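Me: I would like to learn how to read a protein model one feature at a time. Could you take me through this one?

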Amino acid sequence: MLNIENLNLSFGDHKVLDDISLEVKKGEVITFIGPSGTGKTSLLRCINLLEKPESGRITLGGDTYDFSSITKKETLALRRKTAMVFQQYNLFKNKTVLENVMDAQIVVQKKPKQAAHDKSMEELTRVGLEGKADAYPHQLSGGQQQRVSIARALAVEPEVILFDEPTSALDPELVGEVLKAIGEVADSGMTIILVTHEMSFAKDISDRVIFMDQGRVAEEGPPEQIFSHSENARTQQFLRKFYTTTH
C-alpha cells in the first residue's frame with residue numbers, strides 16, 4: 001500500500017536519512033523506535049512532504065512520486081492521502097473543536113459544510129469528545145486536545161495516518177487516554193506509522209517495529225523479536241535503557 005524507496009535527506013552536511021526503503025501493507029501498524037535525532041520524525045515529515053527529500057521515491061495508493069522531480073500538484077496529491085498527528089496538537093486556538101475538525105475537509109477537500117459537519121461529529125464521537133464540539137482548545141486538557149487532533153486526522157479519510165510522538169507533550173496521567181484512542185484507530189484497520197517512546201505501547205500495538213539509528217534502519221521485525229530477541233547490539237543497548245528498566 002505504501003512503498004518508500006531509497007529515501008535520502010540531508011540538512012547541510014548532516015545526513016538525516018540515509019537510503020531508507022520501507023514497505024507497509026494496508027492496515028499494518030508500523031512503529032519506529034530509537035534514540036532522539038536518528039531521523040524518525042524526519043521520515044514521517046518526508047512521507048507527507050513537510051520536508052522534501054533530495055532523492056528517493058514513494059508509492060502510495062497506486063501512485064508513484066519521485067522526490068527529485070516532484071511537482072506542486074503531485075505534492076498536494078500526496079498530502080491529501082496522508083494525515084499527521086503532531087506532538088503539539090497544532091489546533092487553531094480561535095476555532096471550536098468542531099471547526100478544527102471540519103477545517104481541512106472544507107478547505108482542502110472542498111467538502112460541503114453539512115457533510116463535513118456530520119463526518120466531524122462522527123469522528124469526535126469515536127474519540128469520546130462529541131460533548132466538546134463547541135469548546136475551544138484552551139478549555140481542554142492536553143489529552144483531549146490530542147484526541148481532537150486524531151479526530152481531525154481521521155475525518156479526512158487518509159490512506160495512512162502518521163503519528164509523531166503523540167504523547168510526548170502530555171502529562172503522564174493523560175497519556176493513557178490518547179494511547180487508547182490510537183489503539184482503537186488501529187483496531188479499525190487504518191494503516192498507521194507511529195513514532196513513539198512508549199515502548200510497552202509499541203510492543204502491544206505494532207505489527208512491525210523498526211529501530212532507527214543514525215538515519216538508517218538498524219533492525220526491523222515483529223515486536224516479540226525486537227523487544228525480546230533482538231540480535232542488534234545497538235537495539236539491545238537502547239532497550240536496556242528505555243524498556244527493561246520498567247519491566
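**Reading the sheet and the helices**

Reply: Please keep in mind that this is a predicted model. A good place to begin is a helix and what it touches: helix α1, residues 40-47, lies across β1, β2 and β4 (55-60), and α1 runs at about 115 degrees to β1.

Me: In which order do the strands of the sheet follow one another?

Reply: To read a sheet, walk across it from strand to strand and note the direction of each pairing. Here 4 strands form an open sheet in the order β2-β1-β4-β5, and the pairing is antiparallel. The edge strands, each of which pairs on one side only, are β2 (14-24) and β5 (63-66). Neighbouring strands of this sheet are turned against each other by 15 degrees on average, with direction ignored.

Me: How many bridges join β1 and β2?

Reply: For a pair of strands, look at the bridges between them. Strand β1, residues 2-11, pairs with β2 in the antiparallel sense over 7 bridges, and Leu2 has Val24 in β2 as its bridge partner.

Me: At what angle do α3 and α4 pack?

Reply: For two helices, compare the directions of their axes. Helix α3 (residues 97-107) and helix α4 (residues 113-126) pack at an angle of about 125 degrees, their axes being 9 Å apart, and α3 and α4 are therefore oblique to each other. Their crossing is right-handed.

Me: Which residues of α3 and α4 meet?

Reply: On the α3 side they include Val97, Leu98 and Ile106, while those of α4 include Ala115, Met121 and Leu124. The residues of this contact divide into 9 nonpolar, 3 polar and 2 charged.

Terms used. Residues are numbered from 1 along each chain as its sequence is written. This is a predicted model: local features need pLDDT of at least 70, side-chain atom pairs count only at pLDDT 80 or more; totals for chains, interfaces and linings use all residues. Side-chain values use heavy atoms; hydrogens and water are left out. Two strands pair if DSSP finds at least two bridges between them. Axes are lines fitted to C-alpha atoms, for helices over the stretch in contact, and angles run from 0 to 180 degrees between N-to-C directions. Contact means heavy atoms within 4.5 Å. Angles under 35 degrees count as roughly parallel, over 145 as roughly antiparallel, 65 to 115 as roughly perpendicular and the rest as oblique. A crossing is left-handed if the near helix is turned anticlockwise from the far one by less than a right angle, and right-handed if clockwise. Ala, Val, Leu, Ile, Met, Phe, Trp, Tyr, Cys and Pro count as nonpolar, Asp, Glu, Lys and Arg as charged, and the others, Gly among them, as polar.
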